[in-house]
Each structure stands twice: as C-alpha cells, then as structure tokens.
Amino acid sequence: MSYLIVLLLGMLAALLQGTLFRALFPQSFVPDILLLLVLYSSLLHPMGKGLLLCFTLGMLSDLFSGAPEGLNALYAILLFALSKAIQARVFLKSFQAVWGLTILAFLLKVPYYALVSFLCGIRFPPAREAALIWMGEFASSLLLMPVLFYLVSKALGLQGGWFRQNQRSKPA
C-alpha cells in the first residue's frame, strides 16, 4: 500500500512541480520534489519494487518537465541503487545521514547531466545558467526535504516521522 501512496504523492508532486511551483517561484528556485521522493523511497522500500517505483517517479518527472523520456528515470534508478548500496554498508540511524544522501544526490546530478549531454548530444543551458538553476534547486529542495519527509511519513502512518520503525522496538 505504501507504494501506491508514494506513487500518488509523486503524481501530485509532478503536477505541482511542473505547474504551480514554476509559476510561483523563480525558475532557478523550484525544488525537485520527485528526487526527494526517490530518496524517501530508497529509505522505505526494498530493492525490487522500489526500483520500479523510482523508475515510475523518474518517468513522471520526465513527462511533466518536458525532459527527454528516460533522462530523469535513469537518474532515479541510479540514485535508488546507489542509496541502497550505501545503506547496505552504513547504518542510517540519524537524520544527518539522510541530509548526506540528499547532498550526494544533488552533487551527482552535475556529472550525470554532463555525461548524458556529452554522450547523447542533449543541449542544456549554458554553464552559468545551469549552475544557477542547480544551486536554486539544491537550496529549495534542502529547505523542503524535512517538511516533505515528515508529511509523507504521516501520510504512510509511520510514527517517528523519518524512518520506518522497527517492529520489535515499538512500545507495548
């Protein structure tokens, strides 16, 4: 059921990100809500179904942003797999670790888009404009992340806010 809820929230996020936020905020300060949902999904869902969900969230991002199909979907899959690999080696027990994953996700966006641009010949805005957009997206997403994670956790009925509670640690 949590997959369906995250998917529905992703559809709403794609709609808001592609329409309302672009109208309300400057072009260089629109948060990447779907990327945050991919990160949240990597913390909550197992590998198989989580990959499918993140691919779907990435395709929603592509469709609503006007990006070439598969551009954000591939990045969502790579980010999910990387996050799961990090989680397999590092126990993420604090919210600071989630901040670290988010910063890493945005830092990896730059080389990913540069590589895709080089390999596929996709033209992106000039470097100065792209840097301004990236910095605004990074800052606005970092500001939105705690609120979004809290709201998604509440929508999923998770106590404790950020992470799924261990079944054995629940008080009687």
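**Exercise 1: How far to trust the model**

Over which residues does pLDDT stay under 50, and how many contacts beyond four places in sequence does the model have for them?

*Solution.* Start with what you're looking at: this is a predicted model. Now look for the stretch where pLDDT stays under 50, and you land on residues 164-172. For that stretch, the model has five contacts beyond four places in sequence. Where pLDDT is low, predicted coordinates shouldn't be read in detail. Then step back to the whole protein chain: its mean pLDDT is 86, and 91% of its residues reach 70 or more.

**Exercise 2: The overall build**

Work out what secondary structure the protein chain has, and how its extent in space fits its length.

*Solution.* Step one is to count elements: you get six helices and zero strands. Reading along the sequence, that gives the pattern α-α-α-α-α-α. Step two is the radius of gyration, which is 16 Å for the protein chain. The globule rule gives 16 Å for 172 residues, so the chain is as compact as a globular protein of that length. Step three is the box: along the principal axes, the C-alpha atoms fill roughly 55 × 35 × 25 Å.

**Exercise 3: Inside, outside and charge**

Describe how the protein chain splits into buried residues, surface and charges.

*Solution.* First take the inside: buried residues make up 38% of the 172 in the protein chain. Next, the contacts. Among those with a separation of 6 or more, 72% are between residues 24 or more positions apart. Now the outside: the accessible surface comes to about 9700 Å², and carbon and sulfur atoms account for 70% of that. Last come the charges, with 12 positive and 5 negative side chains. The centres of those two sets lie 18 Å apart.

**Exercise 4: Three residues of helix 5**

Place T102, A105 and W99, and say for each whether it is buried or partly exposed.

*Solution.* Go to helix 5, which covers residues 95-120, and find T102 there. T102 has 0% relative accessibility, so it counts as buried. Leaving out residues up to four places away in sequence, T102 touches L36, L39, L142 and M145.

A105 also has its place in helix 5. Its relative accessible area is 0%, so A105 is buried. With the same kind of sequence neighbours left out, A105 touches L35, L39, Y75 and L79. You can check a distance here too: A105 and L36 are 69 residues apart in sequence, but 9.2 Å apart in space, C-alpha to C-alpha.

W99 is found in helix 5. At 28% relative accessibility, W99 counts as partly exposed, since the cut-off for buried is under 20% and for exposed over 50%. Beyond residues up to four places away, W99 touches L142, M145 and P146. The C-alpha atoms of W99 and P146 are 9.2 Å apart, with their positions 47 residues apart in sequence.

**Exercise 5: Two leucines of helix 2**

Find L35 and L43, then set their distances in sequence beside their distances in space.

*Solution.* Begin with L35, whose place is in helix 2. L35 has 5% relative accessibility, so it counts as buried. Outside residues up to four places away, its contacts are Y75, L79, A105 and F106. Then measure to G58: L35 and G58 are 23 residues apart along the chain, and their C-alpha atoms are separated by 8.0 Å.

Move along to L43, found in helix 2, which spans residues 33-44. With 17% relative accessibility, L43 counts as buried, because the buried class takes in values under 20%. For L43 and S28, the gap is 15 residues in sequence and 28 Å in space, C-alpha to C-alpha.

Technical notes:
Residues are numbered from 1 along each chain as its sequence is written. This is a predicted model: local features need pLDDT of at least 70, side-chain atom pairs count only at pLDDT 80 or more; totals for chains, interfaces and linings use all residues. Side-chain values use heavy atoms; hydrogens and water are left out. Helices (H or I, at least four residues) and strands (E, at least two) are DSSP runs, numbered from the N terminus. The radius of gyration is taken over C-alpha atoms; the globule rule is 2.2 Å times the number of residues to the power 0.38. Buried means under 20% relative accessible area, exposed over 50%, partly exposed in between (1.4 Å probe, protein chains only). Contact means heavy atoms within 4.5 Å. Accessible areas come from the Shrake-Rupley method with a 1.4 Å probe; for residues, only the protein chains shown count as cover. Lys and Arg count as positive and Asp and Glu as negative; His and the chain ends are not counted. The place of a charge is taken as NZ of Lys, CZ of Arg, CG of Asp or CD of Glu. pLDDT is the predictor's confidence in each residue, from 0 to 100.
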